[in-house]
Each structure stands twice: as C-alpha cells, then as structure tokens.
Amino acid sequence: MPGLPHAPACDIVLLSWNHLELTQACLESLVRATDRPCRLLLVDNGSEPAVRQALRDVRPQGMIQEVVLIQNDVNEG
C-alpha cells in the first residue's frame with residue numbers, strides 16, 4: 001500500500017453494534033497485542049448515532065496501519 005512503511009500482513013475484522021465500551025476495550029486490546037502490520041476493517045451494524053460518530057474517530061495506531069470503517073444503516077447480523 002502506498003505510503004505505509006510495510007504492507008499489512010493481514011486484515012482484522014471487528015464487528016460492532018452499539019456497546020461502545022466493549023468495542024473500545026477490544027480496540028485497545030488489539031493495539032496492545034498486534035505485533036504485525038495490519039489493517040483494521042471496522043464494521044458497524046446500524047449503531048446509535050453517538051456510537052457511529054465515535055467509530056468515525058478511530059485512527060491507526062501501533063501496528064494497525066490503516067482503519068477502514070464500514071457503516072451499515074441497519075443491523076445486518
């Protein structure tokens with residue numbers, strides 16, 4: 001990927017539906033535990049507006065080099 005120091009070794013997919021405190025704890029754990037360059041695919045299944053906004057603010061950190069946010073309008077399950 002252009003501009004990244006190393007190409008991501010893998011993708012991590014994290015699904016979210018409301019429960020922002022659990023999602024944030026999971027994100028913090030991923031940052032601490034990930035030791036290879038990766039891309040985070042964050043999929044939101046129609047959460048409440050405040051949760052949707054918080055997920056828009058997630059940025060790459062540690063070995064997570066890229067964050068891709070997919071926000072569904074409804075919970076797709």
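Where is the place of N18? In this predicted model, N18 sits in the loop between strand 1 and helix 1, and that loop is a convenient point from which to begin, with the elements on either side of it taken up afterwards.

The backbone of N18 has a phi near 55°, a positive value in a residue other than glycine, and H19, which has its place in the loop between strand 1 and helix 1 as well, has a phi near 45°, again positive in a residue other than glycine. As for accessibility, N18 counts as buried because its relative accessibility is 12%, and the cut-off for burial is under 20%. H19, by contrast, is partly exposed, with a relative accessible area of 45%.

W17 also belongs to the loop between strand 1 and helix 1, and with a relative accessible area of 42% W17 is partly exposed. Leaving aside residues up to four places away in sequence, W17 touches D44, N45, G46, S47 and N75. In one polar contact, the side chain of W17 reaches the backbone oxygen of N45 at 3.4 Å. W17 and V74 lie 57 residues apart in sequence, while their C-alpha atoms are 9.7 Å apart in space.

From the loop we can turn to the strands. Strand 1, which covers residues 10-16, pairs with strand 2, residues 38-45, in the parallel sense over seven bridges, and within this pairing L15 stands opposite V43 in strand 2. Strand 2 also pairs in the parallel sense with strand 3, residues 64-72, this time over eight bridges, and here C38 has I64 in strand 3 as its bridge partner.

The helices complete the connections between these strands. Strand 1, helix 1 (residues 20-33) and strand 2 make a right-handed β-α-β unit, and a right-handed β-α-β unit is likewise made by strand 2, helix 2 (residues 49-56) and strand 3.

What, then, makes up the largest nonpolar core? This core has 12 residues in all, namely I12, L14, L20, L27, L30, C38, L40, L42, V51, L55, V58 and I64. Strand 1, helix 1, strand 2 and helix 2 each supply at least two residues of this core. C38 and I64, both members of the core, are the residues already met as bridge partners between strand 2 and strand 3. V58, another member of the core, touches L27, L42 and V67 when residues up to four places away in sequence are not counted.

Helix 2 shows how buried and exposed residues can be arranged around one element. Its buried residues are V51, R52 and L55. These three are on the same side of helix 2 because they cover an arc of only 100° around the axis. On the other side of helix 2, P49 and A50 are exposed. Of the buried residues, V51 and L55 belong to the largest nonpolar core, and what covers the buried residues of helix 2 includes strand 1, helix 1, strand 2 and strand 3.

How values were computed: Residues are numbered from 1 along each chain as its sequence is written. This is a predicted model: local features need pLDDT of at least 70, side-chain atom pairs count only at pLDDT 80 or more; totals for chains, interfaces and linings use all residues. Side-chain values use heavy atoms; hydrogens and water are left out. Two strands pair if DSSP finds at least two bridges between them. Helices (H or I, at least four residues) and strands (E, at least two) are DSSP runs, numbered from the N terminus. A crossover is right-handed if, with the strands pointing away from the viewer, the path from the first strand over the helix to the second runs clockwise. Buried means under 20% relative accessible area, exposed over 50%, partly exposed in between (1.4 Å probe, protein chains only). Contact means heavy atoms within 4.5 Å. A polar contact is a pair of N or O atoms within 3.5 Å; within protein, one must be able to donate a hydrogen and the other to accept it, and residues adjacent in sequence count only if both atoms are side-chain atoms. A nonpolar core is a set of buried Ala, Val, Leu, Ile, Met, Phe, Trp, Tyr and Cys residues joined through side-chain atoms within 4.5 Å. The arc is that of the directions from the helix axis to the C-beta atoms.
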